[in-house]
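Reader: I am new to this structure and would like to ask what its terms rest on. Please set each value against its definition.

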Amino acid sequence: MPLHTPPWASKKQTNVLTTSQLPPQLLLRLMTSSHLPGRVFLAAGLLLSACQEKDPAKPKPPVTDPSKNLVCTPGAERSDYSIFPKVGDGAGVGDVMPYFDAASGSMYIYYLKDVWNDATNQRHPWYGFQTADFRQYTELPAGELLASASGDCAQDRAIGTGSVQELGGTYYAFYTGHNPNAANCGHRKEGIMLATAPGPAQKFTKNPAFTTLYVPKGQGFDENDNFRDPYVYLNDETKQYDMLVAARQHNRGVVIKYTSADLLAWSYQGILYDGGASSYVMLECPQLFKIGSTYYLTFSDITTRNFYYRKSASPAGPWSPPTGPERVDGSGLYAAKVLNNTATGKHYLIGWVNRYQNHQDGGSWWWGGNLVTHELVQTANGDLTVQLVPALRTYLEAQTEPLVRVSRTATASRPDSSTYVLAGPATGPLAHVLFKPLNLTRYKISATVSYTDAANDFGFMLGACDGTNEFYSLRFVPSQNRFSFDRINRNSLNPGTSPVADVPFPMQPNTPYTVDIVQENSVVVVYLNGIAALSSRIYKAPRTSWGIFADKCTATFRNLTVTKP
């Protein structure tokens, strides 16, 4: 992941707001008139408040529709995260480097802390979590594990992503040394460096004797930049160590490989993967691992911010897309890596969910955020799927939270106490059911959904100002075989709308699909039938009105429940 994201790289989707067409002067006259009854005075006041400009950096009071008792404006972002942790001091979690220590049987998640030239004068130092179940996380007591250098011309003036490997009781931390001043310092912007520690939870000491690795010269590589994210593993065929590095050659992103027998002397071995039929700007945070007899190569596309994977029968390739979708999550989960717990045989996909400027949904994309972990599962044909971590499911299903319905349309029938059948008409407003806000910090909404026909879409409403237009949607789009998160109002939504994030999800009529929506404050993760997930930052989601809908289709929501710890 680049250590600084330029403003032009931001991709955002602006919500369209509906306001009164009355002039503010008329509204003010209505409010101040002594001849109007109180409820007219109140309505005029609400209209005026909707027209006034607000400071986006300040929390806004809830907007309530008295006739429907809907709350659709969020409060301030909260800091009480635990299942999707941030750093204890409130800083964001950046690129992760998960590691299973076979010697102690412990799982570690090293990460870049979102610190850049603050009072500590650090730039993305390494910190770490330890976890036994991906439900509870403990910050490593050593604190800062790997610091950036203080010199203006030091190669590692900023610290970038890397990986950890153990050999002979020593823990080798390979990392990216990044210096934006390189052009004035006589060296290249990015190189691969080494630090070591006597234990996985201890501070790493930089090894000045290690020869910094730079991309080869004269072979069409970007020799001054874009050489980062080393991932080191033991090749089970050659019995030597391989190192993968993200680079650019001939104006396309590639993954290159080095080999070593001792983790100290490395030799360049060429291109492992060049993107195949697709041309990527940069294949960040590459990783190679094996499950069963299949090898997997994973990477994150810097342009779309999507995580992809490829398969092979050999660690040398060739690499092919999976039989099914090549993505298991959307662009909300970035720089994801896989942890292999060799003691249990379980695999976990771990990444971070970004934030937005000033904690506003329409703000610029911000690097770093909250840690999110999925369990990674291999299917019979060798494809990969993700599902909710079992320990987190158990934790979130301890108690049931009552559902309080606000309203439902006549086209939303209720054949039994836990089922809604929404028959969205071919013309006219969509079928929907609205519920009161869930005033909880963390919880899970669950349902089994199916549809008989789908000319349009169906799904869940978040931050609903009404039941027809002004709400965010987590929606199934059968005609496009995908699940999508969209912020814009329904009257601006069309088949060509670019989503905030989406994930491929093939579906068929009359087929039940389980849905689990896990929410902790503004982090919302949707798990789809044990196949895919969609991780998102949604500031409008906490403590606002929500519901279900079906537009020009018939959809059934069975066993709609809310549970909590």
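Reader: Which strands make up the sheet with the order 11-12-13-14, and how do they pair?

Author: In this predicted model, strands 11, 12, 13 and 14 form an open sheet with antiparallel pairing. A strand here is a DSSP run of E with at least two residues, numbered from the N terminus. Strand 11 and strand 14 (267-273) each have a single partner strand, so they are the edges and one side of each has no neighbour in the sheet. Neighbouring strands are turned by 30 degrees against each other on average, direction ignored (axes are lines fitted to C-alpha atoms; angles run from 0 to 180 degrees between N-to-C directions).

Residues are numbered from 1 along each chain as its sequence is written, and side-chain values use heavy atoms, with hydrogens and water left out. Because the model is predicted, local features need pLDDT of at least 70 and side-chain atom pairs count only at pLDDT 80 or more, while totals for chains, interfaces and linings use all residues.

Reader: What makes strand 11 and strand 12 a pair?

Author: Two strands pair if DSSP finds at least two bridges between them. Strand 11 and strand 12 (residues 241-249) have six, in the antiparallel sense, so the condition is met. One of the bridges sets Val232 against Met243 in strand 12.

Reader: Which strands stand at the edges of the sheet with the order 15-16-17?

Author: This open sheet has three strands and antiparallel pairing. Strand 15 (283-291) and strand 17 (307-312) have a single partner strand each, so each is an edge with one side left without a neighbour in the sheet. The average turn between neighbouring strands is 20 degrees, direction ignored. Seven bridges join strand 15 to strand 16 (residues 294-301), and Phe289 stands opposite Tyr296 in strand 16.

Reader: How many residues lie between strand 24 and strand 25 in their hairpin?

Author: Two residues lie between them. Strand 24 (residues 412-416) and strand 25 (residues 419-423) run antiparallel and share three bridges, so they pass the test for a pair. Asp416 has Thr419 as its bridge partner in strand 25. The hairpin of strand 20 and strand 21 has five residues between the strands, and there Gly382 takes a positive phi near 90 degrees.

Reader: Why is the space lined by Leu438 and Trp546, among others, called a cavity?

Author: On a 1 Å grid over the protein atoms alone, a cavity is a set of points where a 1.4 Å probe fits but cannot get out, whereas a pocket is an open set with protein on both sides within 12 Å along at least five of seven lines; lining residues have an atom within 4 Å of a point. The search finds one cavity of 30 Å³ or more, and the largest cavity holds about 50 Å³, a volume being the space filled by probe spheres set on grid points joined across faces, edges and corners. Strand 27 (residues 442-462) gives the largest share of its lining, three residues.

Reader: What is the volume of the second largest pocket, and which residues are closest to its centre?

Author: The second largest pocket has a volume of about 750 Å³. Of its 29 lining residues, Gln165, Tyr231, Tyr233, Asn340 and Thr342 are the closest to the centre. Strand 3 (93-101), strand 7 (158-167), strand 11 (227-234), strand 15 and strand 18 (333-341) each supply at least two lining residues.

Key:
Helices (H or I, at least four residues) and strands (E, at least two) are DSSP runs, numbered from the N terminus.
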